[in-house]
Amino acid sequence: MKFTKLKIYLLPALLAAAWFGPSAEALAKQPDAPVSAPRPRVEVAVVKRLSSVQQGINTTSTLQALEEVILNPKVTGRIDNLVVAKGDLVEAGDTLVVLDSRNQEAEYNSMQAQVAVSKAELSQSAVTLADAKRELDRYGRLRKSGYATQQEYDTRSTTYQAAVAANAKAAAQVKQAQANLDAQAVLLSEYQLKAPIKGVILDDYDLTLGALVKDATNVLRIGRVDRLKARVDIPERDMGRLRLGMDAVLTFESLSGQTFYGTVTLIDPYINTSTRTIGAEITVDNQATGFKLRPGMFARVLLVETSEENPLVIPTE
């Protein structure tokens, strides 16, 4: 009895499965269910509008004084007076350092006195010459009148010639004495070191009063800093992009957030065969910046080729 009931209950289920269920061939032909592809990651950036954007050649440089001079004496002496110190502004012609020149001053005074003596001797010889000339002229008239002999006339003539020679010698001695005095004046002037250019004292080499300086000793370094220059080296392949008058934008790590501007004022007429680069010089008006820039500062430089005003920009990444 249990077996019969089982057949009665299972048979309808099997018939229903055979009637309503898909065949094996249909199941084999049925396509696989599509697998959803991973969605791409999207990042959002804020679009900004800048006042301007420049593009061009990027490089680096170190600022230098537009003009720079190292002062060293032509003579040996001890420093008697240091008129300036590091950082002082000086004008061309200002006296900066005075060396002890007492011996040279004494020599100068002696030579000055010798010039005075030589001039006095020249004046005396001029008087003697004038007297000799008058005597010669008088005896010339007396000889013509028969009141003087030829011998007397010849004697006065010899005296006159001697006076002429003595006067010429005295004049030469004056010139020699004056030349010696002028040479001593030049030597004496070397004991005062003057500024050859307008600028700032960049270095005083820690010299002090009484220090002995010799010929070619570095005493002061002066630089003109109202205008600075930045030397750059551009690869040879980019030399065609370089031109005089090109604008340059300079930034400095020590002055973050500030931008400074210059102009290309010099392009070397040759290629450096060692580095395969061409050199150029950028001039920056430091006075216009309020003297914020100083020689020796490291700069990042952009030589501007194109400039876009009020562009829309997004971060490069």
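Here is a short chat about strand pairing and the largest pocket in a predicted model.

Colleague: Good to see this one! Which residue stands opposite Gly77 in β8?

Modeller: A word on the basis: this is a predicted model, where local features need pLDDT of at least 70, side-chain atom pairs count only at pLDDT 80 or more, and totals for chains, interfaces and linings use all residues. Residues are numbered from 1 along each chain as its sequence is written, and side-chain values use heavy atoms, with hydrogens and water left out. Strands are DSSP runs of E, at least two residues, numbered from the N terminus, and two of them pair if DSSP finds at least two bridges between them. Strand β3 (residues 77–82) runs antiparallel to β8 (residues 212–213), with two bridges, and opposite Gly77 stands Val213.

Colleague: Thanks! And which residue in β5 is the bridge partner of Leu82?

Modeller: Strand β5 covers residues 95–99 and runs antiparallel to β3, joined by three bridges. For Leu82, the partner in β5 is Val97.

Colleague: Lovely. Which element gives the largest share of the lining of the largest pocket?

Modeller: A pocket is an open set of points on a 1 Å grid over the protein atoms alone, where a 1.4 Å probe fits, with protein on both sides within 12 Å along at least five of seven lines; lining residues have an atom within 4 Å of a point. Among those lining the largest pocket are Lys198, Arg224, Asp226 and Phe291. Two elements, β7 (199–203) and β9 (220–235), give two or more residues to this lining. The largest share, three residues, comes from β9.

How values were computed: Helices (H or I, at least four residues) and strands (E, at least two) are DSSP runs, numbered from the N terminus.
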